[in-house]
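Colleague: I am new to this structure and should like to understand the terms used for it. Could we go through them in turn?

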Amino acid sequence: SAYQYGIHRPKGYTVSNHYNPEMEKHHFGPTHPMKPWRLTLAKSLITAFGMPAAMDSYHARAATHDELSNFHAADYLEYLATAAPQQKPPDGSESTDNKFNLANPDCPLFDGLYNYCSMSAGGSLDAARKICTQASQIACCWGGGLHHAKKAEASGFCYINDIVLAILELLRCYKRVLYLDIDIHHGDGVEEAFFSTDRVMTISFHKYHPETFFPGTGGLSDNGPKSESNPGSHHAINVPLNDGITDDQYGEMFKTIVRKAVDSFQPEAIAMQCGADSLGGDRLGKFNLQVTGHAGCVEFVKKLRLPLILFGGGGYTPRNVARAWAFETSIAIDCHRKIAENPRIPDHAPWRAEFRQESLLPSLEEILGEPKSNKNTKKRMDEIIMHITEQLRFVNK
Ligand code: TV7
Ligand code: CA
Ligand code: ZN
């Protein structure tokens, strides 16, 4: 029997969810940290809490070659569509074929790769179109958010930049789009794609440690090519952080910076990448964020009442990824208070082994991951806010 939460459609606006269950059937490889089945786990939680009753659910279709070519180079797409999964040479050595940065351990060529990419992009494009026609006010595509992909290059587990494609779609009907990125990695692909326009402002919060942490870009002073003739200068904002940041500190930074950016840039729509590798206990990340802290950023953005797309992204401890995206879906449909009152996950479900006796929102006593020591000083946080405030003085819409 389904869990009874009494969840109903929010008043006055429509939320849509864009998902294709085929995505989970794809595997990057047994030891690769990117696990597409975390999407199924998220969808299972969303369903277990009765959330589909409160939104429009769409089966995400595969994006067409034409649609992908709005951002990506033809020869790159051609190669993606035809390259065969790499066989390990019999001598056990690594493959040397790395055209377009493919077939390295981060971006392997796996079975059905092109299918996987076009479904991820299809969901994000569908979401953008629902936002453009105002059929939805908030659209969720947790299978998207692949922010590192470049025009003709795969990078950091990303092959097709569904976010860039979705923002290009939004630009057909909205004058200015604000891009927010709370994945623990720098949103370099999206930043670079919109370097030379003043119609998109990008803000990425990330761990910044160029020598040791991927992708090594996104320093505080990297605000786009600095030239008089480039309208896009000052429209790339970076918030470089260190390990161990807490909910309070992160939330404070996020709200302060986004509030100032919205005031000066006056966006008409927002695209937000909600990478869940910034949560405590992530396999790759070392921040201390809890589900409520991560989701607090989404709640703050929702309250701006602008057309909004929520993308997934990173997240390498699948059960925590699923928790965060399920709770963020509940914020979109405005039932998060109900969920917070009884966050216990139904224990009869097939995902029982994954969650055991846990709840959707881990309590204060059972936080996500071992607390890491916080390497972010108040002084540095103030410096960052000062620098960004200065940058935003150049942006006046
Ligand atoms: C959006 N970190 C993507 C984040 C992309 C991070 C990296 C790995 C990794 C890859 C593996 C693997 C891994 C335990 C972790 C410099 C290298 C070091 C590959 C072994 N285990 C997102 C990309 C990042 C692949 N890459 O933002 C297969 O970690 O640091 C690097 C580059 C060279 C390649 N090696 C890692 O979250 C979705 N990769 C195990 C098997
Ligand atoms: Ca980020
Ligand atoms: Zn990431």
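Modeller: Let us begin with burial: a residue is called buried if 20 or more other C-beta atoms lie within 10 Å of its own. Please bear in mind that this is a predicted model.

Colleague: Why is Phe-100 called buried?

Modeller: The cut-off is 20 or more other C-beta atoms within 10 Å. Phe-100 has 20 such atoms within 10 Å, and it is therefore buried. Phe-100 belongs to the loop between helix 3 (74–82) and helix 4 (113–132).

Colleague: What is phi of Phe-100?

Modeller: Phi of Phe-100 is near 55°, which is a positive value in a residue other than glycine.

Colleague: How do you know whether His-234 is buried or exposed?

Modeller: A residue is exposed if 12 or fewer other C-beta atoms lie within 10 Å, and buried if 20 or more do. For His-234 the count is 20, so His-234 is buried. His-234 is located in the loop between strand 5 and strand 6, and its phi, near 75°, is again positive in a residue other than glycine.

Colleague: Which peptide bond is cis, and where is its proline found?

Modeller: The bond from Phe-214 to Pro-215 is cis, with omega near -5°. Pro-215 is placed in the loop between strand 5 (200–207) and strand 6 (236–241).

Colleague: What makes a residue part of the shell around ligand 1, and how many are there?

Modeller: The C-beta atom must lie within 6 Å of the ligand. Ligand 1 is surrounded by 20 residues, the closest being Pro-105, Gly-156, His-185, Phe-214 and Gly-314. That shell comprises seven nonpolar, ten polar and three charged residues.

Definitions and conventions. Residues are numbered from 1 along each chain as its sequence is written. Chains are lettered from A and ligands numbered from 1 in the order in which they are written. This is a predicted model: local features need pLDDT of at least 70, side-chain atom pairs count only at pLDDT 80 or more; totals for chains, interfaces and linings use all residues. Helices (H or I, at least four residues) and strands (E, at least two) are DSSP runs, numbered from the N terminus. Ala, Val, Leu, Ile, Met, Phe, Trp, Tyr, Cys and Pro count as nonpolar, Asp, Glu, Lys and Arg as charged, and the others, Gly among them, as polar.
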